[in-house]
Amino acid sequence: MKNLRNILFYVITLAVFSGAVYWFITEGQKLENPSGAAIIPAQTTSSLEQFRGTLLHDLTSPLAILLLQIITIIIVARVFGWFCKKIGQPTVIGETAAGLFLGPSLVGTLFPEFSAFLFPKASLSNLQFLSQIGLILFMFIIGMELDLKVLKTKAKEAIVISHASIVLPFALGVGLALLLYQEFAPEGISFLSFSLFTGIALSVTAFPVLARIVQERGLSKTRLGMMVITCAATDDITAWCILAAVIAIVKAGSFVSSVYTILLAVAYVLLMLNVVKPFLKRLGDHYDYKEGLTKPVVAIFFVVLLASAYSTEVIGIHALFGAFMAGVIMPSNHKFRNIFIEKVEDVSMVLLLPLFFVFTGLRTQVGLLNDLYLWKMTGIIMLAAVVGKFIGSAVAARFVKQSWRDSLIIGSLMNTRGLMELVVLNIGYDIGVLSPQIFTMMVIMALLTTCMTGPALDLIDRFMPEEKTVLDSAGSAGDRFSVLIAFASPQSGRKMLKLASLLVTRQVTKNLTALHLSPSSYLSQVDTQEYETETFRPVTEEAEMLKVPVTTLFKPSQDIEHDIIESANKGDFDLLMMGIGHGVFEGTFLGKLLGFTNKIISPVRLFDTITGKEKLFHTEIFDDRTSHVIRSVKVPVALLIDKNLTRTEHIFIPVFNASDQFLLAFAARLTSDDKMRITIMDPTGLMGHEPGIRDTILQMQTDSPGQIEFYNENGLEKDFLQKLDLMLISYQSWQQAVHAHSPWLLHSPSVLVVRA
């Protein structure tokens, strides 16, 4: 009755007000011709032609073009970035390559009409301004990611190495200007401006790319990693200060007239450090929790950022220096910086920064290098950049008593230019110091020197291997049972640690190693330490309760499955234990049998299929990535299927065939806990005709009296299974049960599937 009243009210309201609107319009049309004279209709086009004209106008409107550009850029940049990630290169290479692809070097040459429609010259200014906003936010983040406390601890060695890595390439760049100036410098640019900018273009190191490589290679917490990060940070600060001075000289036209600009810049820096920084520190300490960063508080910090960028732009040393400086003076409170970076990073890195890469690509005209001589000059620029940066850093590192291996690694990493180089080159292009040809040569140099870093580090590892790795030392005891626990969820890690501790209770030396790998794209330099601490807290708390030592290993990773396999195979472990969450069953037969999913295809699975992570359909009992780990790890693998595991006192072990007898060795280890009760199922009577199985069980009964029971029923009933805490089963038997759609799978407790 109530629904009928609502419908009736809706219909009457709609009818009354629709009638009123119709009457208003009819009366209003009479006002168009109050005299009542006849109106001669104008010659009009057909309705279809009118629609086409309107649609074409809307398609080519500035806003529509800009939105289409952004959509295209994000998609193409993601695709190229993903491809580069797959071949072991930084995503910045792929995103810049996406710009070259969309620019005049490729799409503009092959499909000029499409390029003219998508990137008309009139629209490029809008794209440039948006990309500049993205760069301002990005430089703000880079400033926030610099840990000045780390700089203080290793300042002496870092200053020697980083300044050597600036002075040598800077000198080579100025010398190179002698060769390039007459032929390639833009008209009206003095040699002083051109040479200084060439020098700084060869001297830059990409701090964000370098920091990410250090993370991904597991060097973050090593002495070498800290040294390289410190050198790169010192290099960044020094290079930006030099760049600010160079820009001032270029804009002023002479060194003497630039002194006023430099004095203003010094006054600006002193004001930021001595007035603004203390004010922001008090504000940040007071609002260092997520709820505290309300919109008015966030607005204050953004105003400081924009005012700083505006000040440096007006002074004449570019807005990006102001954004970088604003990031440096932000409160050093890690909790505050993590929260604030989260608010800014996604918009900057995912939405706006790719616009900068593509805009750089649109400016880069590889077609301008149309003869062998120009490519020869590009090679000379490349050689000067590599010799200056690599050799300058490596020799300086060796001078401060680093080993040859570490010195070469430092040289390779400091030679990474990446995004920071592209920023410098675009500034040079904007202020007219770099011609289109030199700009293109320098962009190619930036890409190639960044691409070199990964292969160079691999070669150093191959010909000058490290004597001992962290994982090698994890299992260096004599008679021991060493377990590697690879976990994603901290609570899953806690449960697996408790289970693994039962396997090593009888060992004199207990070797438990907890490994957590995080996708490197999820982490910034600032939040890595806090993220690691929070991730391992449940594991370390559980280890303290159990009174067992645990080694924690954390590593940002580009390929989690590969790194798990490498860690397990190279670490001298006896068992790899992994947690299996509900998500990995999406689209598998096992997922349907266990009741974790009612669908075969999900949007996540479809996306993983498109990106190459998954097959759309498969008959594996686990997802492709887990199955790959199982096949590739050389040591035994135990997979915990957690169905709300809270206790581990009653464990069930079915021995379906002779190959399952290895499970009894695990059972023997588990009985070290007096509270443990082991129920063994022998449905085929293997104890009667397999002496090895019979002897093992008899020995277990002797060593652990009253802890071993037998299950003699032919089937597994629901009531029996629900009394259990954990089922220990072989991978082969589990696979057979899944493929046979065994009904007891629905009622099974948590399961530890072991592949011998």
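These are my notebook entries on a predicted model, written for anyone opening the structure for the first time.

**Entry 1: the whole chain**

I began with the overall make-up. I found 32 helices and 10 strands in the protein chain. I then looked up burial, and buried residues come to 49% of the 756 residues. Next I asked how far along the sequence the contacts reach. Of the contacts between residues at least 6 apart in sequence, 79% join residues at least 24 apart.

**Entry 2: the sheet**

I wanted to know in what order the strands of the sheet lie. The order is E3-E2-E1-E4-E5-E10-E9-E6-E7-E8, in an open sheet of 10 strands with mixed pairing. Which strands stand at the edges? They are strand E3 (551-557) and strand E8 (708-711); each has a single partner strand, so one side of each is left without a neighbour in the sheet. I also noted the twist, which averages 25° from one strand to the next.

I picked one pair of strands for a closer look. Strand E1 (residues 482-486) and strand E2 (residues 511-519) run parallel and are joined by five bridges. In one of these pairings, Ser482 has Asn511 of E2 as its bridge partner.

Then I looked for helices lying across the sheet. Helix H24 (residues 560-570) lies across E1, E2, E3 and strand E4 (575-580), and runs at about 160° to E2. Helix H27 (residues 624-632) lies across E4, E5 and strand E10 (750-755), and its angle to E4 is about 170°. I marked E4 in my notes, since both H24 and H27 lie across this strand.

**Entry 3: two packed helices**

Here I reminded myself that two packed helices are described by the angle between their axes and the distance between the axes. For helix H18 (residues 404-414) and helix H20 (residues 436-463), the axes come within 9 Å and cross at roughly 170°. That makes H18 roughly antiparallel to H20. Which residues make the contact? From H18 I listed Arg405, Leu408, Ile409, Ser412 and Leu413, and from H20 Thr453, Ala456, Leu457, Ile460 and Asp461. Sorted by class, this contact has six nonpolar, two polar and two charged residues.

**Entry 4: an enclosed helix**

Next I checked helix H15 (residues 319-328) for burial. 10 of the 10 residues of H15 are buried, so this helix is largely enclosed by the rest of the structure. Among them are Phe321, Phe324 and Met325, along with Gly322 and Gly327.

**Entry 5: salt bridges**

Side chains of opposite charge can pair when their charged atoms come close. I counted how often this happens here, and the total is 11 salt bridges. I followed three of them in turn.

My first stop was Lys389 and Asp235, whose side chains meet at 2.9 Å, N to O. Lys389 lies in helix H17 (residues 372-399) and Asp235 in helix H12 (residues 223-252), so the pair ties together parts that are 154 residues apart in sequence. Are these two residues buried or exposed? Lys389 is buried at 0% relative accessibility, and Asp235 is buried with a relative accessible area of 0%.

My second stop was the salt bridge of Lys495 with Asp642, at 2.8 Å, N to O. Lys495 is in helix H22 (residues 490-503), while Asp642 is in the loop between strand E5 (637-641) and strand E6 (650-654), so this pair ties together parts that are 147 residues apart in sequence. Lys495 is partly exposed at 25% relative accessibility, and Asp642 is partly exposed at 21%.

My third stop was Glu534 with Arg537, where the salt bridge is 2.4 Å, N to O. The two residues are three apart in helix H23 (residues 528-546), which puts about one helical turn between them. Glu534 is partly exposed, with a relative accessible area of 41%, and Arg537 is partly exposed at 34%. I then wrote down a network: salt bridges that share partners join Arg494, Glu541 and Glu542.

**Entry 6: a loop residue**

I ended with Lys675, which sits in the loop between helix H28 (663-670) and strand E7 (677-681). Lys675 is exposed, with a relative accessible area of 59%. How far from the C-alpha atom of Lys675 is that of Glu649? The separation is 6.1 Å, though the two residues are 26 residues apart along the chain.

Note on methods: Residues are numbered from 1 along each chain as its sequence is written. This is a predicted model: local features need pLDDT of at least 70, side-chain atom pairs count only at pLDDT 80 or more; totals for chains, interfaces and linings use all residues. Side-chain values use heavy atoms; hydrogens and water are left out. A salt bridge is a side-chain nitrogen of Lys or Arg within 4 Å of a carboxyl oxygen of Asp or Glu. Helices (H or I, at least four residues) and strands (E, at least two) are DSSP runs, numbered from the N terminus. Buried means under 20% relative accessible area, exposed over 50%, partly exposed in between (1.4 Å probe, protein chains only). Axes are lines fitted to C-alpha atoms, for helices over the stretch in contact, and angles run from 0 to 180 degrees between N-to-C directions. Angles under 35 degrees count as roughly parallel, over 145 as roughly antiparallel, 65 to 115 as roughly perpendicular and the rest as oblique. Contact means heavy atoms within 4.5 Å. Ala, Val, Leu, Ile, Met, Phe, Trp, Tyr, Cys and Pro count as nonpolar, Asp, Glu, Lys and Arg as charged, and the others, Gly among them, as polar. Two strands pair if DSSP finds at least two bridges between them.
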